[in-house]
Each structure stands twice: as structure tokens, then as C-alpha cells.
Amino acid sequence: MAQTSSFKQLSDYSWEIPQSYKPGMNVPAKIYATRKLLEAMDTGVIEQVTNVACLPGIVRQAYAMADAHWGYGFPIGGVAAFDIEDGIISPGGIGFDINCGMRLIRTNLTYSEVKPKIKELVDLIFKLVPAGVGVKGFLRVSEPQFDEIMKYGVKWCAENGQAWEDDPAHVEEGGYIKGADPSKVSRQARTRGIDQLGTLGSGNHYLEVQVVDPARYFDQELARHFGIVQDDQVLVMIHCGSRGFGHQIGSDYLRVFDGAMKRYGIQVKDRELACAPFASKEGKDYYGAMVCAANMAFTNRQIIVQRVREAFSRTFHREAEALDMHLIYDVCHNVAKVERHFYEGKSADVLVHRKGATRSFGPGHPDIPAPYRGIGQPVIIGGSMETGSYLLVGTQKAMEETFGSTAHGSGRTMSRTAARREVRGAELQRNMLDRGIYVKAATMDGLAEEAGMAYKDISEVVETMDRAGISKKVVALRPVGNIKG
Amino acid sequence: MTFRYLPDVALADVAFEAEAGSLGELFESCALALTDIMVDPATLKPAVARDISLESDDADRLLYDFLTELIIAKDVDSLLFREYSIETAPDGRSLRATARGEPIDRERHSLRNDVKAVTMHMFGIRHEGGKWMATVVLDI
């Protein structure tokens, strides 16, 4: 439980931790939460967000979103922007799973059509999309092709028969972030990553068949922009990242930065906050490698979508195009990007770290693809496999308050070991089936660790971000089929 | 030689504390904890041996590199290990180890979590009261 007596309440949904809270804080910290969420937040979040506020070159505030929980270095659900000249870049502010993110595709099927075939469909996807410990992918690429993937992500997929024509435009950054430098990627990272394309991974990664929840269909007009047009419409959500490739890049550069900090006279409150000036050689090298992993992650999710389209097509005996299986959007939630923001009376480029946080650009922003530019960037918030997920849109207020950022999920309240003590995987699987959710899991222990009770109430998290004006609810999606890595 | 999980630390990940009478045994305890997180070790056979030699700047970083090496073997060669014999140099800056295990078999092995990386959150080796101890948080 967090001790909140020294916090300043800014509104019903936001709190400020003053700079006086801890020696060395360069800026205050800000937490988005109801009083209930704040008081339930683990102390690690407070410790970590205030440690982030001590980092060199941080501007304005360090943020923890309503889903924040104790991570390593940064809290998960953390956002921090740094001056690009005087500020730092930190692998711990991005996470090892670089560009872990969410992807949402629609179908024109309703639940009444899918329900009789849900087992067949989920079993087929489970067969087509490798999941779990140490799995290999099905797409074989050469070293030069892997370099192209690092540089061009989903654009490479579109040029090589692995994407539909309109897919790249529906991915954050148009399917690839510019600035990738494959020469800064180690041999070990390449070897770990090259045969993992199209794999889901494990932990909290999942692939879910979902249905529009008629009781929580908040804004039908906005939903229409995404091709969501009816109650009980079936969609597919994917949560995964850059696999061993990104993990190794994170590990490699954490070692580099751990050694480099002394040279730059930087001291941090947690070794996992190891960092280097963004403008330094180490900073530039890591950024170039990190972008390679981000583009690999976009590609990984894209390859998985191709398999999901195939599974639907085989199950429902119609082409995926006839099933209208277009990509709604793909968002990163573990990444750092150079973005132009207006703050403290000036417009400036800053390096925004989002670790377990989603970009939430408001209407009119030029980086939002044309079909959505008038309504704001789609924000995909994934919940636990029992409670469902949400689609929201970004807002102007997020641009003004949080460098265009919002929450990413529901956030854990219980550790993995504690969750495993509370429930057995097989029992959970049976209970979920009774409630209309068919689950296939690569591991029963892993399934138990992802039980809904291990997470915060996603509705309260989403409500907080909506009421705070940082993102706007469009529709809730309830799970009917789940593949747990 | 033993390890115990720290259930209240880093909720989305897995933290453990290891304890041993020597530095080599401490490394072994940490490696066994890593195995236990990825697979039920009782379902693994020590069928394949992998020799590992590493040098590093200090004992902390040697442990970081050693555990990372085992994670890489899981991804690159699909190998999981259940037995380790480890000799560390007196200065704690190098080691020679043999890890025994086998390639992943999804039918026979009771697999658990895919460990992504060793974090440096709370990471470190301590030598207290004649015992060697380490705290490790793994990213899941």
C-alpha cells in the first residue's frame, strides 16, 4: 500500500508527488489514479516513478498511469520525456521486450456465427501460431532479409507477400520507425531473433478472439470509423513483442550502459535505470539497435496476423478478404521515440519513453493515419484473459498533459508465484469454459499466473483514463477464445 | 545451496534470492532457479552437456552474463538444463561450467515461463556471515 499523505491531489483522477519527496528529483511525479487505485498501488510504483524523476534531462514530470505496477527500473505503466540534447536514453525505461504491443483486427462475423466453431478455430490458431517457451517461428528469412525487416518492418512484409496493401498504414509509425541501424545489433541478438518471427512468446502474451460487448458499446459513431458496426461483432487481439531479439538487445545495452555511466558522471537510484546521454555514442548506438527490435516486433505481429487470417479462412470457408479481416491498428507500448511536443510554452523535440504505456495522440495529429486523423489515435488496452479489453482513442488533453500517452493494460496486483498458489491452471481453464471462454494454453502454470484475479479491475483503469481526459472510451471487447503463450 | 522466490517483488516478473557456501555454488543455485522458472526440472533429463567459459569485470557481471548465456541457449539451441557444475576463479571474474540438460520436448517437458532477460533491478551478489547470497529479478 502506498503512503500518500504527502501527495497533492490535482483532481479526482490525478495526484502529484512533489520534488521534495526524495532528494535528487529534477521534476515532480504525477500519478493518474482514483483514490482507490492509488491506495492499492504497490509501494514499488512510488519508489520507481520518483527514481525516474531523478534522471538527467527529464522534462516536466515523470508519469505513472492508472495501470502502473512495480516493474524493474521504471514502473510498468510509466512515461518520461527527456530533452534530446541534455537528456538520457535508458533501456530500463523501455523494457527488454522492445515494442511489445497490441494489435486489433476486425471481422464481419458475429458471435452467433463463430460460437459453434470456436473450439475448431482456436485449436487451429494454436497450431498455426507457435507459443510458449523457446518456440521457433515458421517464417525462414536470410540474414540480409532480416536486416531489411529491422529497417522496414511491415513495409517489408507488404513488399514480400506478408501483408495486405493497407496494413502498413494501420500500424503506428506506418509500420516501421525510422533510424534503425542493424550494425549496432550483436551477433547473439541476431541469432536469438532470426527464427522467432511469427511466435507469440509466453508470460502475459496472448492472442484472443473477442466480441463487442453490447453493454459497454460507449461510442458507436467512433466505433464505426474502425469498421466496428454491430453488437456481437467478432474481433481478434494480439499481444506480443520482439521476442528474444529485443530481449538480447536490451540485455546487451544494459551491460554497456552499466559500464558507461561512470564516464558520463551519471548516478542512478536503481541499477536497472542505467542510462547514457541520448546524444552520446552509446545512446545513439542503443537507439539504432532499439529501433531494429521495434521494427522486428511490428513484423512479428504482422506475420501472426497472416496466420490468423488463414485460420479464419479455413474455418469459415471464405477468403479473409471476404471476412473483412482488416487491421484496425497496431500500437507499441514499450518504446522510446523522438516526438515534437508543446510544453512549458515551447515546441520542442523530446525523447518519450513509454514502458507499459500507449501513445494517445489527439485528433488532427499528423502522425495518425488519414482515416483516423479526425478522431484521434486508436488506443488498444488489453485486459486479463478473463475480463476483456478496451478500444479507446487519443485526446488533445493527452497532448497537453502526458506527452500524448495513456495506460496500456489493467496492471498486476498479485505476483506470479502468489497467483499460482491461489488457482490451478486446469481448474481455471474449466471455469473459463463454463463462462464461455475457450482457452488453449502452452503451459498450465503460466495460465494460472494470468488469472483475472491477479490484475486490477480494467474497467476502473479505463474509466480513470477516460474521466481524466487522457483517452476516450469507444468500446469494450469480451473474450470468447484465448491462446495463452 | 538453495533459492527462494520473493513473491512481493516486481509483480509481473519473477524475483528470487539464492544462498550458498561458495561463489560457484551460488551460481549453481541461481541457474537452478532459472531452470525452475522455465520448466519443471523433474521432467528434464541430463542427456546433453554444454561447456561454458566466461570472463567478466566482476562477480556481479559474471553472474549476469552466465544467466544470460543460459537464456540464449534456450532460444538459439532450444536447450534447457537441470544440472550444473561450476568452478569460479578466486577473484570471481571468470568461470568454467558444464550444464546438463536436453532439447525442449513439448510433449514430455512440463514447461512454465519463457524468461526474457536478467534485469539489474535489485541485482547483486553479497558475501555476509560466511555465506554467499544473490538477488535476481528476471523479466518474464
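This dialogue walks through a sheet, its helices, the cysteines and a helix pair between chains in a predicted model.

Reader: Let's start with the sheet. How many strands form the open sheet in chain A, and in what order?

Author: Strands of a sheet pair through backbone hydrogen bonds, either parallel or antiparallel. Here, 7 strands of chain A form an open sheet. The order is 1-2-3-4-5-13-12, and the pairing is mixed.

Reader: Which strands stand at the edges?

Author: Strand 1 (8-11) and strand 12 (334-343) of chain A. Each has a single partner strand, so one side of each is left without a neighbour in the sheet. On average, neighbouring strands of this sheet are turned by 25° against each other, direction ignored.

Reader: Take strand 12 of chain A. How many bridges join it to strand 13 of chain A?

Author: There are 10 bridges, and the two strands run antiparallel. Strand 13 of chain A covers residues 346-355. For a register point, find Asn334(A): it stands opposite Lys355(A).

Reader: Which helix packs on the sheet at strand 12 and strand 13 of chain A?

Author: Helix 9 (residues 281-316) of chain A touches both strands. Its direction makes about 110° with that of strand 12 of chain A.

Reader: And where does helix 2 of chain A lie?

Author: Helix 2 (residues 43-52) of chain A lies across strand 2 (14-17), strand 3 (29-32), strand 4 (58-69) and strand 5 (76-83) of chain A. It runs at about 160° to strand 4 of chain A.

Reader: Now the cysteines. How many disulfides are there over all chains?

Author: The count is 0, with a disulfide taken as two cysteine sulfur atoms within 2.5 Å.

Reader: Why is Cys100(A) not in a bond?

Author: The closest cysteine sulfur, in Cys240(A), is 7.2 Å from that of Cys100(A), too far for a bond. Cys100(A) counts as buried, at 5% relative accessibility. Cys292(A) is in no disulfide either; the nearest cysteine sulfur, that of Cys332(A), is 14 Å away. Cys292(A) also counts as buried, at 0% relative accessibility.

Reader: Last, the helix pair. How do I read helix 8 of chain A against helix 2 of chain B?

Author: Two packed helices are described by the angle between their axes and the distance between the axes. Helix 8 (residues 243-260) of chain A and helix 2 (residues 59-76) of chain B pack at about 165°, with axes 11 Å apart. They are therefore roughly antiparallel to each other. Their crossing is left-handed.

Reader: Which residues make the contact?

Author: On helix 8 of chain A, they include Gln248(A), Leu254(A) and Arg255(A). On helix 2 of chain B, Tyr64(B), Thr68(B) and Ile72(B) are among them.

Methods. Residues numbered from 1 in each chain as written. Chains lettered and ligands numbered in written order. Predicted model: local features only at pLDDT ≥ 70, side-chain atom pairs only at ≥ 80, totals over all residues. Heavy atoms only, no water. Pairing = 2+ DSSP bridges. Helix = DSSP H or I, 4+ residues; strand = E, 2+ residues; numbered from the N terminus. Axes fitted to C-alpha atoms, helices over the stretch in contact; angles between N-to-C directions. Contact = heavy atoms within 4.5 Å. Buried < 20%, exposed > 50% of the residue type's maximum accessible area, 1.4 Å probe, protein only. Parallel < 35°, antiparallel > 145°, perpendicular 65-115°, else oblique. Left-handed = near helix turned anticlockwise from the far one by under 90°.
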